[in-house]
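Colleague: I am new to this structure and would be grateful for a close look at a single part of it. Please go slowly, and then tell me what surrounds that part in the rest of the chain.

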Amino acid sequence: TYNKTSAIYNKSTNDDNVVSANLNGKSLLLYNIMDEKEDPMELTFATGDNGRSCKYGDVISHHWFEEGLLLVGFSGGYLLSVSTNSHDLGEEKYARKFHQNNLTAFTYNRSLQRAASVGDDGIRIIDIRDFNECKNEYIIPEDIENGRVCNIEWSPDGQILTIATTAGNIYNFLAKMSILYSSYQNNIGCLLYTSPSPRDRQ
């Protein structure tokens, strides 16, 4: 699942010297801009039955999310976790299809360790720790009233998920609420946030 032209590549997400780039949706380029002796490395993915195009579709976007791990979203509706560590370079840790027909955008929040992906069937929230969907946080297409989703981003603290559409609309969804509390003598009051069940959302 990878091509390289130099010594084994080792990447840490804390290393800001490494640049990663999407090469026209076909592969990813990794390049250490501070090491002139190290050649760029091209990271490619499993091919389909025709032996040419990627079986997951075109690369839509990617994020570094842990040391030596890339999270990659594909047009076919897939999210992948792939290693860039020297001992298992190019190995796919997780590969799962979250959208029936296509994936058009996704974003990752490090504090929540969650991704939000956009597809033809709505917006899905994925816990990256086990690559399972948080089904009670699914955003149905009807919640986005006008236009097609063209961009999606978390706030840095993960509290707000912001969605922009081609119709010029912006939607903000509360993804996490900080615990608010007060105490008096032996009494404590807390305000907690719980996600609504799918039945409550209908």
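Modeller: Two strands are said to pair if DSSP finds at least two bridges between them, and the part I have chosen rests on such pairing. Please keep in mind throughout that this is a predicted model.

The part is an open sheet of four strands, in the order 9-10-11-12, with antiparallel pairing. Strand 9 (103-109) and strand 12 stand at its edges, and each has a single partner strand, so one side of each is left without a neighbour in the sheet. At the strand 12 edge, the partner is strand 11 (residues 122-127), and these two strands pair in the antiparallel sense over two bridges. Within that pairing, isoleucine 126 stands opposite glutamate 133 in strand 12.

Glutamate 133 is a good place to pause, as it also forms a salt bridge with arginine 124, the closest N and O atoms being 2.9 Å apart. Are the two partners buried or exposed? The limit for a buried residue is under 20% relative accessible area; glutamate 133 has 16% and is therefore buried, and arginine 124 has 15% and is therefore buried too. The pair does not stand alone, for Asp121, Arg124, Glu133 and Lys135 are linked in a network of salt bridges.

Arginine 124 also leads us towards the loop that lies between strand 12 and strand 13, where isoleucine 139 has its place. Isoleucine 139 and arginine 124 are 15 residues apart in sequence, while their C-alpha atoms are 6.5 Å apart in space. With a relative accessible area of 4%, isoleucine 139 is buried.

The loop that holds isoleucine 139 provides another link back to the sheet, through glutamate 137, which forms a salt bridge with arginine 114, the closest N and O atoms being 2.6 Å apart. Glutamate 137 lies in the loop between strand 12 (132-133) and strand 13 (149-154), whereas arginine 114 lies in strand 10 (residues 114-119), so the salt bridge ties together parts that are 23 residues apart in sequence. Both of these residues, glutamate 137 and arginine 114, are buried.

For a contrast in setting, consider the salt bridge that lysine 93 forms with glutamate 91, whose closest N and O atoms are 3.4 Å apart. Here lysine 93 has a relative accessibility of 33% and counts as partly exposed, and glutamate 91, at 40%, also counts as partly exposed. A search of the whole structure finds eight salt bridges, and the pairs described here are among them.

If we follow the chain out of the loop, we come to strand 13, which belongs to an open sheet of three strands with the order 13-14-15 and antiparallel pairing. Strand 13 and strand 15 (170-174) are the edge strands, each with a single partner, so one side of each is left without a neighbour in the sheet. From one strand to the next, the twist in this sheet averages 20°. Strand 13 runs antiparallel to strand 14 (residues 160-165), to which five bridges join it, and in this pairing glutamate 153 stands opposite threonine 162 in strand 14.

Earlier in the chain, strand 2 and strand 3 form a hairpin with three residues between them, and asparagine 24, in the turn, has a positive phi of about 60°. Six bridges join strand 2 to strand 3 (residues 27-32), and the two run antiparallel. Valine 19 is found in strand 2 (residues 18-23), and its bridge partner in strand 3 is tyrosine 31. Valine 19 has 40% relative accessibility and so counts as partly exposed; together with Ile33 and Met34, Val19 forms a nonpolar patch on the surface, with about 290 Å² of accessible area for the group.

To set these parts in the whole, the protein chain has one helix and 17 strands, and 40% of its 202 residues count as buried. The chain exposes about 11500 Å², of which carbon and sulfur atoms supply 46%. Among contacts between residues at least 6 apart in sequence, 40% join residues at least 24 apart.

Conventions
Residues are numbered from 1 along each chain as its sequence is written. This is a predicted model: local features need pLDDT of at least 70, side-chain atom pairs count only at pLDDT 80 or more; totals for chains, interfaces and linings use all residues. Side-chain values use heavy atoms; hydrogens and water are left out. A salt bridge is a side-chain nitrogen of Lys or Arg within 4 Å of a carboxyl oxygen of Asp or Glu. Buried means under 20% relative accessible area, exposed over 50%, partly exposed in between (1.4 Å probe, protein chains only). Axes are lines fitted to C-alpha atoms, for helices over the stretch in contact, and angles run from 0 to 180 degrees between N-to-C directions. Patches are made of residues with over 30% relative accessible area and no salt bridge: like charges are joined within 9 Å, nonpolar side chains (Val, Leu, Ile, Met, Phe, Trp, Tyr) within 5 Å. Accessible areas come from the Shrake-Rupley method with a 1.4 Å probe; for residues, only the protein chains shown count as cover. Contact means heavy atoms within 4.5 Å.
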